[in-house]
Amino acid sequence: MLITPEDVQKIILAYKRYSTYQFDDYSEKSFTRRVEKILIDYKLDIPSYINRLRSDKEFLEQSMKDITVNTTELFRDPKIWHTLKFRVLPRYSEQDSINIWHAGCSTGQEVYSLMILLNEMDLLEKANIYASDINEDVLEVARSGEYKYRFNLDYLENYNQVIKKNPYNFDEFKDVPFEKYFDVDKSKDRMKAKSFLRQKPLFRKQNLVAQNNVFYTKFDLILCRNVLIYFNYELQNKTIDFFHSLLFNKGSLVLGVHESMLGPIASKYIKKGIYYIKK
Amino acid sequence: MNDKIIVIGGSAGSFQIITKILSELPKKFPYPIFLCLHRLKHVRTGFIEALTIKSNLNVIEPEDKVHIKSGNIYLAPANYHMYLELGNIISLSTEPAVNHSRPAIDLTFSSAAFNYKTKVVGIILSGANRDGANGIADVHKEGGITIAQSLEECQVRTMPEAAINATEIDYVYTSDEIISYLLKL
Ligand SMILES: C[S@@+](CC[C@H](N)C(=O)[O-])C[C@H]1O[C@@H](n2cnc3c(N)ncnc32)[C@H](O)[C@@H]1O
């Protein structure tokens, strides 16, 4: 570690003073590492960092984005997608509409994955898709639906596992080409989601710490995966409580594979293996 | 509680040593152990089972923000960094790979050193890259005990060699010596 906890406190205070960003309740270790990276990348020390935050609005916004960790993949963790396909989404399939919110959607791969799954289940049309993140740059990428093709080819195998195969019935095989959903240009190493997918979601900037509902609706399903790991225990509980207030009765909450409800808030949900239902 | 915190890092060639260590530790081993092992990306399942079979202790891939309990073995989950936080808590993160690795041994070791100082025992086993060298240097800097697997015994010596070059290593031990050291703690 290059900096002390006191330094970190000073930085947190400066963001609070000069913006609406509150990092008090972020996980300490990963936050500290991100701040250290900013110090190195911009060649700053603690006083000059604070100075820039005070005087340079653009730097403030950019550094906030640098603090966020935006790793994501299409169909990351197939087990969750199987659960969504066979356990979660069928709960709402008879409704006239299904409201879905991706909180902390990053560059949108999770959003496109779910839309593909919904389409294969003939549910896309009645779904309302909302997605948000604190970082506007990743939302811009999410809106464009355009990604590197060879970024990490794991997702193709995961796509096959989730969309083509059925883990409960090995004989079943649905040959759905990936190109049904993405225009792929291997020579340019690009792929772009088809327009019927791109035009569907509403992407908006939202800060989970501020707890404002930027979509003015309630949800049947909230996905918030690998976002809460950046929050401490208290903020995790507060956020899960916030989700509770925005779910319809019997609405579902899906967290990341290594996340769970640890506090008293758990009593407001029924745990169903790897997802949760609002009591 | 938590008089000692044991952190173990390894990659290529360390799997057998780890299972050997785990099989020799008694059910009542009084300290928590953190394992940060590089594994092939595709070997996501089955790994923990393989470790559990031989172990008398509980091997778990921790969920984010769980409390550390003595006698548990915490295995860094595939594709997540594993940090030790103040207040005896584990936290996970998906920030970019460090030393081409996620989980990165450096991060687990450095965070352990930072919070647990002299209580830390850091052990670097066989492995094919330099991950862990900075982390074990931090363990030494904070007054913890540093151990590297003996180079003769290692299948791939790059990792313990880097550790030995990076800092003062208290003991260079064979796997049997590592086991008897842990049993005497
Ligand atoms: C690791 S990504 C997770 C992406 C996706 N859900 C997945 O699991 O693949 C975490 C995202 O959370 C966002 N984030 C961090 N703090 C946030 C906050 N306070 N409010 C909203 N989003 C936040 C980051 O910008 C980042 O894009």
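Two residues are taken to be in contact when heavy atoms of theirs lie within 4.5 Å. With that in hand, a convenient place to start in this predicted model is a single histidine of chain A. His244(A) sits in helix α10, which covers residues 233-246 of that chain. Once its neighbours within four places in sequence are set aside, the residues in contact with His244(A) are Lys268(A), Tyr269(A), Lys278(A) and Lys279(A). The relative accessible area of His244(A) is 14%, and because the cut-off for a buried residue is under 20%, His244(A) counts as buried.

The meeting of the two chains comes next. On one side, 28 residues of chain B take part, and they are in contact with 27 residues of chain A. Putting chain B and chain A together buries an area of about 2,300 Å², with carbon and sulfur atoms giving 50% of that figure.

Charged and polar pairings across the interface can be listed too. The rule finds 1 salt bridge between chain B and chain A. This salt bridge joins the side chains of Glu95(B) and Arg33(A), at 3.0 Å from N to O. Polar contacts add to the picture, with 13 residue pairs found across the interface, both residues of each pair being at pLDDT 80 or more. On the side of chain B that touches chain A, the elements giving two or more residues are the strands β5 (81-85) and β6 (89-93) together with the helix α3 (105-116). Of these, α3(B) gives the most, with 4 residues. Sorted by class, this side of chain B has 12 nonpolar, 10 charged and 6 polar residues.

The cysteines deserve a friendly word as well. How many disulfides does a search of the whole structure find? The count over all chains is 0. Cys36(B), for one, is in no disulfide, and the nearest cysteine sulfur to its own, that of Cys154(B), is 17 Å away. Cys36(B) has a relative accessibility of 0% and therefore counts as buried. Why is the sulfur of Cys154(B) without a bond to the one in Cys36(B)? The sulfur in Cys36(B) is the closest cysteine sulfur to that of Cys154(B), yet the 17 Å between them is too far for a bond, because a disulfide needs the two sulfur atoms within 2.5 Å. Cys154(B) is buried too, at a relative accessible area of 10%.

Definitions and conventions: Residues are numbered from 1 along each chain as its sequence is written. Chains are lettered from A and ligands numbered from 1 in the order in which they are written. This is a predicted model: local features need pLDDT of at least 70, side-chain atom pairs count only at pLDDT 80 or more; totals for chains, interfaces and linings use all residues. Side-chain values use heavy atoms; hydrogens and water are left out. Buried area is the accessible area (1.4 Å probe) that two parts lose on being put together, summed over both. A salt bridge is a side-chain nitrogen of Lys or Arg within 4 Å of a carboxyl oxygen of Asp or Glu. A polar contact is a pair of N or O atoms within 3.5 Å; within protein, one must be able to donate a hydrogen and the other to accept it, and residues adjacent in sequence count only if both atoms are side-chain atoms. Ala, Val, Leu, Ile, Met, Phe, Trp, Tyr, Cys and Pro count as nonpolar, Asp, Glu, Lys and Arg as charged, and the others, Gly among them, as polar. Buried means under 20% relative accessible area, exposed over 50%, partly exposed in between (1.4 Å probe, protein chains only).
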